[in-house]
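Q: I'm new to this one and don't know where to look. Please pick one part, take me through it closely, and then carry on to a few other spots so I can get my bearings.

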Amino acid sequence: MFLYNLTLQRATGISYAIHGNFSGTKQQEIVVSRGKILELLRPDPNTGKVHTLLTVEVFGVIRSLMAFRLTGGTKDYIVVGSDSGRIVILEYQPSKNVFEKIHQETFGKSGCRRIVPGQYLAVDPKGRAVMISAIEKQKLVYILNRDAAARLTISSPLEAHKANTLVYHVVGVDVGFENPMFACLEMDYEEADNDPTGEAAANTQQTLTFYELDLGLNHVVRKYSEPLEEHGNFLITVPGGSDGPSGVLICSENYITYKNFGDQPDIRCPIPRRRNDLDDPERGMIFVCSATHKTKSMFFFLAQTEQGDIFKITLETDEDMVTEIRLKYFDTVPVAAAMCVLKTGFLFVASEFGNHYLYQIAHLGDDDEEPEFSSAMPLEEGDTFFFQPRPLKNLVLVDELDSLSPILCCQIADLANEDTPQLYVACGRGPRSSLRVLRHGLEVSEMAVSELPGNPNAVWTVRRHVEDEFDAYIIVSFVNATLVLSIGETVEEVTDSGFLGTTPTLSCSLLGDDALVQVYPDGIRHIRADKRVNEWKTPGKKTIVKCAVNQRQVVIALTGGELVYFEMDPSGQLNEYTERKEMSADVVCMSLANVPPGEQRSRFLAVGLVDNTVRIISLDPSDCLQPLSMQALPAQPESLCIVEMGGTEKQDELGERGSIGFLYLNIGLQNGVLLRTVLDPVTGDLSDTRTRYLGSRPVPKKFVCLSQVLAMSSRSWLSYSYQSRFHLTPLSYETLEFASGFASEQCPEGIVAISTNTLRILALEKLGAVFNQVAFPLQYTPRKFVIHPESNNLIIIETDHNAYTEATKAQRKQQMAEEMVEAAGEDERELAAEMAAAFLNENLPESIFGAPKAGNGQWASVIRVMNPIQGNTLDLVQLEQNEAAFSVAVCRFSNTGDEWYVLVGVAKDLILNPRSVAGGFVYTYKLVNSGEKLEFLHKTPVEEVPAAIAPFQGRVLIGVGKLLRVYDLGKKKLLRKCENKHIANYICGIQTIGHRVIVSDVQESFIWVRYKRNENQLIIFADDTYPRWVTTATLLDYDTVAGADKFGNICVVRLPPNTNDEVDEDPTGNKALWDRGLLNGASQKAEVIMNYHVGETVLSLQKTTLIPGGSESLVYTTLSGGIGILVPFTSHEDHDFFQHVEMHLRSEHPPLCGRDHLSFRSYYFPVKNVIDGDLCEQFNSMEPNKQKNVAEELDRTPPEVSKKLEDIRTRYAF
């Protein structure tokens, strides 16, 4: 079995974010890393929408990211620290839209290791040096400069190693143009290591160490080191030189401290706490991330606490000495992994979990009544300041980027009866978690919808002048009339446009620079800019049936298949070509391409005829109206459209720049199929046809705007080129009948479309997104969910550690309110009572302000029954405090007929580290009201955590800790029927098929168990040879199981054909002496069919089909929010072909960050029988000459290779 891996949706969680001017213009961009993906985002400064410019898989773990620019430069470079043992410096090339690797310096082994640098990066703020550091011991400094041709140069590394030292964070200190300086948070563990009593370990202090790079001597000196009182978690550089006092801010538990060398005293300020917080008061508070904003005259920092509150930090200086730190509560946003303040006044928040946000900073919070806290205010040691959190005041949300990270559970099913299955994804963490329903399609936002007086049959938009940015008119054609609407602030009807309103319109367009042309059944109307009108009438009884127009040419087809060609002369007149051409059959559709820039005319006309053919006809003066080529079609064509797509910027021989795309002829057939054919721009030949089935209706007219084609069938599909790959995606919207491109000030890139009797203006914002999603909020982190087969409702268990249940929360609030009143003196009683009442009434939404942290060993859980279509909760069962639900199953018991039961495995008082548990319960509920309500039956106490439940032959299998048991339903509790005690550690999953049970152990991979009914025994008969920390598993067939582990590998394991499951238990133990089997396990071993490292922890696997009529694939979802599939090859030649593509790409197009692709995919186990489609698909983004070389090695042409890549994708997915 050979598999091919494809990513459907790339990971959405962000681990690092940096900002700068990467394209070298004034525009600010953001570079984010998503695990093994680098992505460049650009927020539009006018609309605030975030656009993705480029996404690259780097096939390696990105461990650190930094932006830096040389002194006096205008362009930022990207420094990447990864697991490749190399430092890589990238530059973004906007003309080619690629990241170009400028430098790659090797310094160590690959892999994420303790002493190999790559974990931390720091750059000198003036852009002269960069330090790359490991977690322990090694630090390297590279000097950066520019050569005579202004190219970036990099020096050999200078070492700043110190043995037995752990590093917590590194930053570059801003010292102006003095020698570059780096500050490190370090801890020396040498004494603690050598002291057996453990005294030294208890007294170890963190130190702040400054390293100076001496540019004169060209080496690094450990300049200065001082111990810290509190344990710091990160550093913030303070602007220096002429901009500020230099030095660093140390963020540590409960305090923020300013330090600098010289005679600067330490300035220390406590981190303010929320007033009346339900958190454990003994808990420390830390800052988790920060962003710096610096202008010519001032600077400030925004730092966010682990509750999500952002503080604005400013420093007061006297001469060059800092006298106080000032903190002011700014706003509260979800906890971020990284924040960036852009020069354009935006704050980008890359959330730790859930969606990412872009906020506009509306106020700097200088003149509001929010109290300002200062280090100069007198406080007792151990006291702190208090503030009151509130809804957003200084920030305004302008854009939200959907993120599925983390996906904890996913089921794929067609519960909404839409032909195409939906993905039901439980994702998020704590109060920000949600259940999302993903459907394949582009999200459409409705700008306007208006009723029309009848049912129109077509719509167009035209501009008044070729230079205009926006459209001037919308022309709507009815059966017997034409309506002209003018576009301004609003859209209203006009009558003085020069268009003929008493006739239906076949087409209209801008002609030349500023004239309009309207083609209607009886003739052509040419409207000049000064409203003069020229008309051409059809001869005799003939009428115009079809037409094609562009900026300079008009072609019409009269009844009987006669073609008439007009071309605009330099004076702006339309001239008819002398001859006419008779076609052999009736014309059903026609298309002209746009006039290429700098040319007089488009050379080709495409004509579709009734006899199922498409003909290309030349419009060149030398052979005008001569047929050039023809293609036979499987059905009658319905519409044609020639469009230039996928234009890459290339330089021709004369050095002139121009975008040369391919010309594509899109053909929509009557049977709902869309063909895309390449049209040779010189000879007019048609080649390389690709087909897609779009729907059950004919594919009618398509519109073109820039390089997008919209095809309407029973669903509307958009074909567009995005990041050098073609996408053909349906719109998640009702059926459209006709559409045209639309541009106005409110909506620069939109669509105007008609659907029955309404005119709609739509915008497509999220190009490149594969799924559009609907989210329904949940209360705690969803752990698992099951689908009730009869009602299609979902039963979700949600569990949070370190959380309060609703009841405990209310109780604690009440208790705190009483304490407030008690603590007040006699005369303040009334005021205190009012404050207590206000405290009890205030309710800040936890999805933004976070849930209170209850402390270790505190759990909260609910069981929810939800309708997946409407998203409404039908029933909600709250469990008691410290009961944590871990597993759920819906099943029937053979002794109760066809009633459905829900079993939920619950742990009581579980403490994770050191692990202890007071026991567990299995709650049994009966589903009543046709699957809408849970009726409590009984709870069964068990001695460990029931982490896996599976229905089995009319009974139920439960994994209780490491015991595998069969239970049956009783009146007062579940009755234990049988158990097996020989599983090594902890059962985390159970799959059943026939008499076989496949148990996933938390660290010992899979164990095959046979249930013997007659003896009532569960007997182990086979296991796996590798230890795998299994997270999820699914059965592929009777002998084969696919599983994933927590390190990001997927494997498929199969029992050999000669496996015997008729083994007997051996009660005497005689046999055990000589038939122990391998490695003390079972006597029979499974074989590994495939191994593959995905690079992200996979938490759900399912074998399913994703498109109607497609083949089965193995779909996986990852913790970072990625969705991918593994598909089997159907033929040996396909496998052979893709194996060679992968081999050539490994050598011709190595990964961006210097990691070896083969060794990345073999991180834990050698990759076996899987070909990486993500690497193969990078073929399309290679340079054309490299594409040609690779294709020649494979005896193909580049279009053939990319067609193969596209075919395998569309056969299984999208």
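A: Let's begin with a term we'll need: a crossing of two helices is called left-handed if the near helix is turned anticlockwise from the far one by less than a right angle, and right-handed if it is turned clockwise. Keep in mind, too, that what you're looking at is a predicted model.

Now find helix α7, residues 1132–1148, and helix α11, residues 1198–1212. Their axes come within 12 Å and cross at roughly 120°. Angles from 65 to 115 degrees count as roughly perpendicular and those over 145 as roughly antiparallel, so α7 and α11 are oblique to each other. As for the hand, this crossing of α7 and α11 is left-handed. Who's doing the touching? On the α7 side, D1134, F1137 and F1138 make the contact. Facing them from α11 are V1201, K1204, L1205, I1208 and R1211.

From helices, let's move on to strands. Strands of a sheet pair through backbone hydrogen bonds, either parallel or antiparallel. Here, look for an open sheet of four strands in the order β75-β76-β77-β78, with antiparallel pairing. β75 (946–952) and β78 (974–980) are the edge strands, each pairing on one side only. From one strand to the next, the twist averages 25°. Zoom in on the edge at β78: six bridges join this strand to β77, residues 963–969, and the two run antiparallel. One of the residues to click on is V966, whose bridge partner in β78 is C978.

Next, a couple of single residues. S497 sits in the loop between β41 (491–493) and β42 (507–511). Is S497 buried or exposed? Buried means under 20% relative accessible area, and S497 has just 3%, so it is buried. Its side chain has a polar atom 3.4 Å from the backbone nitrogen of F499. Leaving aside neighbours within four places in sequence, S497 is also in contact with Y473, V484, I527 and K531.

Last stop: E324, which you'll find in strand β27, residues 321–332. E324 has a relative accessible area of 13%, so it counts as buried too. Not counting residues up to four places away in sequence, E324 touches I267, then T314, L315 and E316, and also S374, S375 and A376.

Key
Residues numbered from 1 in each chain as written. Predicted model: local features only at pLDDT ≥ 70, side-chain atom pairs only at ≥ 80, totals over all residues. Heavy atoms only, no water. Buried < 20%, exposed > 50% of the residue type's maximum accessible area, 1.4 Å probe, protein only. Contact = heavy atoms within 4.5 Å. Pairing = 2+ DSSP bridges. Axes fitted to C-alpha atoms, helices over the stretch in contact; angles between N-to-C directions. Polar contact = N/O pair within 3.5 Å; in protein donor to acceptor, adjacent residues only side chain to side chain. Parallel < 35°, antiparallel > 145°, perpendicular 65-115°, else oblique.
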